[in-house]
Structure formats: structure tokens, C-alpha cells
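Good morning. Please have a look at the chain on the screen, and I will go through it piece by piece.

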Amino acid sequence: MAAVGDLAFTAEDRVLLTGASSGLGQAAAVLLNRLGATVIGVGRDVDRLAATKALCPHPERFFPERCDLTENLDDLSSQVAVWRKSHGKLAGLLHAAGIVTVLPAALQGAAEMRELFDINVFAAYQLARGFLDRRNNRGEGSAIVFVASLAALCESSGTTAYAASKGAVVSLARSLACEYARQKIRVNSVSPGLVPTPMTQRQYANLDALAQTYPLGPGRPEDIAAAAAFLLSPAARWITGQNLVVDGGRSVA
Ligand SMILES: NC(=O)c1ccc[n+]([C@@H]2O[C@H](COP(=O)([O-])OP(=O)(O)OC[C@H]3O[C@@H](n4cnc5c(N)ncnc54)[C@H](OP(=O)(O)O)[C@@H]3O)[C@@H](O)[C@H]2O)c1
């Protein structure tokens, strides 16, 4: 494990990272790999996972794992033990896999909401439960980061169901942080503003114009990756139960 106050990781710091095949998760995988961590990168698309590995400066410390996280939610916490057996005890969990739908509430019923909650919330919870099993983590200093969203905190017309799912993620982090502080395991969330990624390019026709409205200018996946890496690192050893907003000043402007 790296020293207190250090943003660097060692190869023994294994981070289970979902959403590693695209967007924010891919940027976080590459950054954590560059900072010295071993990344177990989960995604559904093997070609995109291979592309992430190719972007890593130390590809020998990136292990792709193909998995649809919503296929068998009941057993997802046990799947963490399978990954631990293959790769060793985990020091970090970053849940960056997720989906968004931009539609008026009138067009999003219970089925659409369930689909959002499955990957954004239930998968986060089940992965965290697996990670928090003492047999699967490295104990003191281990950390979890969930990717939530600014939508959980600000007005978000067209993303009511999504905002509710991300609000749940912020609450998950806070409550788990409380429950596991005695074991010195930290749990935080990161709430990004709108960042151009394959997801937002699919969902927002006016993405470029929206990105320009941020006071600090358009954000990049690397901006979110940096916040997540910080919260996973020993530099954040005294931070838990927090939701770090990374939004180019949008929510304070
Ligand atoms: N981009 C933004 O502006 C923004 C803002 C706030 C919050 N966020 C949050 O950040 C996270 C990442 O978003 P992004 O913009 O990076 O999106 P993205 O580019 O579409 O990436 C989404 C990732 O989630 C994975 N994924 C989705 N469903 C999955 C499932 N059932 N099983 C396993 N993996 C699954 C995808 O895997 P495959 O590639 O294999 O399909 C992909 O790696 C999401 O939680 C999103 O809500 C994004």
C-alpha cells in the first residue's frame, strides 16, 4: 500500500472497476493504471475492454472481465469473491457502470425506472456488499467510490428517474460509510456534471452546446477520473461518506 497522503498506488492495490470499457470508467481505469494500481476492469463489450487495456501505460496490470452486471443481480456479491480468487484481495471498488435515459416522466414507467435502478443502484449495492466481505478486501484503507451525478442534486428535467437512481447512490455511500468506518473502510461518491462520453453523445442532441454552458468550460472524462482516483487513494484517508461534486462550477454559478 502507498504511504499516507500519497496519490500513488502500488500493484498490490487492486481496484475492481466497473464501466471500464467506456467513458468515465475507461478514463479512470487508465489513470489508476498509470498511478500504479492493478485494475480489474469490468464491462460487457470485450473489444472495448481490449481498447481500454491498449490505452493503459502498464497493460500487464489491467485485467479485463466480461460481465453483464444486471444479468444475475442476486449473485453479484458472490461474483466479487470469484474475481478476488482470480486476482487477489481488493483495495478499491469504483462503480462507474451506469445508464441514463432522457425522457419526460410521462414516458418513463416502472419498467424503465427498474432498468435504471438495476445497474445504477442495485449493482452498486451488490458489488459493495461483495467488496465489504472481509474475505474480499484488504481491510483498513480499502475504499469504495460510486459514480453518482449532479442530476441527483440539481434540477434535471427529463431525467427524473435517473436523478432518483443517483440520489439513491449518494445515500448508499453515506450509509455504508457510517456502517464501515469502524473497519476503516471508506465509501464516497462522485457527482459529475455533464461530460461528453459515448453515453451523453447518445442521449443529448445538444451536448456540445450544453457542455459550453459550464463556467469552467466543458468537462472531460479525465476530470472525473482524477476525483475518483483521489477518493480511492490514501490521500483521502480522512474522507468518508461524502459526495464530491465535479461540475466545472455549474452548481455554484
Ligand atoms: N457522462 C456524463 O456526463 C455523466 C454525468 C454524471 C454521471 N455519469 C455517470 O457516470 C457513469 C459512466 O457514464 P459514461 O458517461 O462514462 O457512460 P458510457 O460511456 O456509456 O459508459 C457506461 C459504462 O457502463 C457499462 N455498463 C452499462 N450497463 C452495464 C451492465 N448492465 N453491465 C456491465 N456494464 C454495464 C458499459 O459497458 P459496455 O461498454 O460493455 O456496454 C460502459 O462501460 C454512469 O453511471 C453515469 O450515470 C455520467
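Before the sheet, one definition: two strands count as paired if DSSP finds at least two bridges between them. In general terms, strands of a sheet pair through backbone hydrogen bonds, either parallel or antiparallel. Please keep in mind that what you see is a predicted model.

With that, the sheet itself. Here 7 strands form an open sheet, and reading across, the order is β3-β2-β1-β4-β5-β6-β7, with parallel pairing. At the edges sit β3, residues 62-66, and β7, residues 243-246, each of which pairs on one side only. From one strand to the next, the twist averages 20 degrees.

Now the protein as a whole. There are 8 helices and 7 strands. The radius of gyration is 17 Å, and the globule rule gives 18 Å for 253 residues, so the protein is as compact as a globular protein of that length. The C-alpha trace spans about 45 × 40 × 40 Å along its principal axes. Of the 253 residues, 47% are buried. If we take contacts between residues at least 6 apart in sequence, 72% of them join residues at least 24 apart.

Let us go into the sheet at β1. Strand β1, residues 14-18, runs parallel to β2, residues 38-43, and 5 bridges join them. Which residue of β2 is the bridge partner of V15? The partner is V39.

The residue L16 is also in strand β1. Is L16 buried or exposed? The cut-off for buried is 20 or more other C-beta atoms within 10 Å; L16 has 28, so it is buried. Leaving aside neighbours within four places in sequence, the contacts of L16 are I40, V42, V80, W83, L90, L93 and F131. S78 is 62 residues from L16 along the chain, and their C-alpha atoms are separated by 14 Å.

Next, β5 and β6. These two pair in the parallel sense over 5 bridges, and V147 stands opposite V190 in β6. Why is β6 described as largely enclosed by the rest of the structure? Because 7 of the 7 residues of β6 are buried. As a general point, the side chains of a regular strand alternate between the two faces of the sheet. In β6 both faces are covered: R186, N188, V190 and P192 are buried on one side, and V187, S189 and S191 on the other.

Just before β6 there is a loop from α5, and K184 is found in it. K184 is not a glycine, yet its phi is positive, at about 65 degrees. It has 13 C-beta neighbours inside 10 Å, so K184 counts as partly exposed.

Two helices deserve a look against the sheet. α1 lies across β1, β2, β3, β4, β5 and β6, and runs at about 165 degrees to β1. α4 lies across β1, β4 and β5, at about 175 degrees to β4.

Last, the ligand. Which helices each supply at least two residues of the shell around the ligand? They are α1, residues 23-34, α4, residues 110-132, and α6, residues 198-203. There are 30 residues around the ligand, and those that come nearest are G23, R44, G98, T197 and M199. By type, the shell divides into 13 nonpolar, 13 polar and 4 charged residues.

That is the tour. Thank you.

Note on methods:
Residues are numbered from 1 along each chain as its sequence is written. This is a predicted model: local features need pLDDT of at least 70, side-chain atom pairs count only at pLDDT 80 or more; totals for chains, interfaces and linings use all residues. A residue is near a molecule or strand if its C-beta atom, placed from the backbone, lies within 6 Å of it. Helices (H or I, at least four residues) and strands (E, at least two) are DSSP runs, numbered from the N terminus. Ala, Val, Leu, Ile, Met, Phe, Trp, Tyr, Cys and Pro count as nonpolar, Asp, Glu, Lys and Arg as charged, and the others, Gly among them, as polar. Axes are lines fitted to C-alpha atoms, for helices over the stretch in contact, and angles run from 0 to 180 degrees between N-to-C directions. Two residues are in contact if their C-beta atoms, placed from the backbone, lie within 7 Å. A residue is buried if 20 or more other C-beta atoms lie within 10 Å of its own, exposed if 12 or fewer, and partly exposed in between; C-beta atoms are placed from the backbone. The radius of gyration is taken over C-alpha atoms; the globule rule is 2.2 Å times the number of residues to the power 0.38.
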